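Biologist: I would like a close look at one part of this model, with attention to its charged side chains.

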Amino acid sequence: MTCSQLLSNPGTEQSARKDGLEYVTKIILRYTVVERVYEGNLRSPSSGSSRDQAQDTAFMTAVTELYAAILLYQTNLACQLSRPQMSSLARDTVKLDNLDDFRKKIEEKDKQCEAYLRLLDQLSLKEMLAEQNEQIEECAAAHLQELRKIHFQVAAVDQNLAGLREDEKRRVQELQQRE
């Protein structure tokens, strides 16, 4: 490491702490919502689900690891902020307490969770489309059956009309013969 990499502006470190805390807060809020949205699906996937329990477990493990990385970050940040001001200033100048590694770990875990979320979304969408396709096929079969009934009824009416026309022709011929 070069000397410039070891030394930093304490104000920059303080700004990085603030940015990191804001970032972590947003991650926590996002995953609070994600957990609520996915909670029902993870506990009880629909019957005939193409998603297996291992995928759900892997996602929950990734979220747990994300929260663990966040807790490590917050713990280190709390330790840094609890030190006397002069000690913190000196440590910031020499970059002894670098939170970048902790933030990178959080970002890495967040990306893993995002990948699982995309997979779960794709599987859920696939299941919903399969269910809709099945419903469409059932409706189409019912409509086809109804159309067949109507076709037979129309054919029967056509036969009756043909019979009535024949009767009418015969009566007309009989009337013409009488005259």
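Which residues are linked with Arg30 in a network of salt bridges?

Modeller: In this predicted model, the network of salt bridges links Arg30 with Asp110 and Glu114. Within that network, the closest N and O atoms of Glu114 and Arg30 are 2.5 Å apart. Because Glu114 belongs to helix α5 and Arg30 to helix α2 (residues 10-43), this salt bridge ties together parts that are 84 residues apart in sequence. Glu114 is partly exposed, since its relative accessibility is 25%, and Arg30 counts as partly exposed as well, at 32%.

Helix α5, which spans residues 100-178, also holds salt bridges between its own residues. Glu107 pairs with Arg103 at 3.2 Å, N to O; the two residues are four apart in this helix, about one turn. Their relative accessible areas are 29% for Glu107 and 26% for Arg103, so Glu107 is partly exposed and Arg103 is partly exposed. Asp167 and Arg170 form another salt bridge, with their closest N and O atoms 2.2 Å apart. Here the spacing is three residues, which means about one helical turn of α5 between them. Arg170 has a relative accessible area of 46% and is therefore partly exposed; Asp167, at 27%, is partly exposed too.

The search of the whole structure finds six salt bridges, among them the Glu114 and Arg30 pair. Apart from these pairings, Glu131, Glu134, Glu137 and Glu138 form a negative surface patch. Glu131 lies in helix α5 and, at 42% relative accessibility, is partly exposed.

How values were computed: Residues are numbered from 1 along each chain as its sequence is written. This is a predicted model: local features need pLDDT of at least 70, side-chain atom pairs count only at pLDDT 80 or more; totals for chains, interfaces and linings use all residues. Side-chain values use heavy atoms; hydrogens and water are left out. Patches are made of residues with over 30% relative accessible area and no salt bridge: like charges are joined within 9 Å, nonpolar side chains (Val, Leu, Ile, Met, Phe, Trp, Tyr) within 5 Å. Accessible areas come from the Shrake-Rupley method with a 1.4 Å probe; for residues, only the protein chains shown count as cover. A salt bridge is a side-chain nitrogen of Lys or Arg within 4 Å of a carboxyl oxygen of Asp or Glu. Lys and Arg count as positive and Asp and Glu as negative; His and the chain ends are not counted. The place of a charge is taken as NZ of Lys, CZ of Arg, CG of Asp or CD of Glu. Buried means under 20% relative accessible area, exposed over 50%, partly exposed in between (1.4 Å probe, protein chains only).
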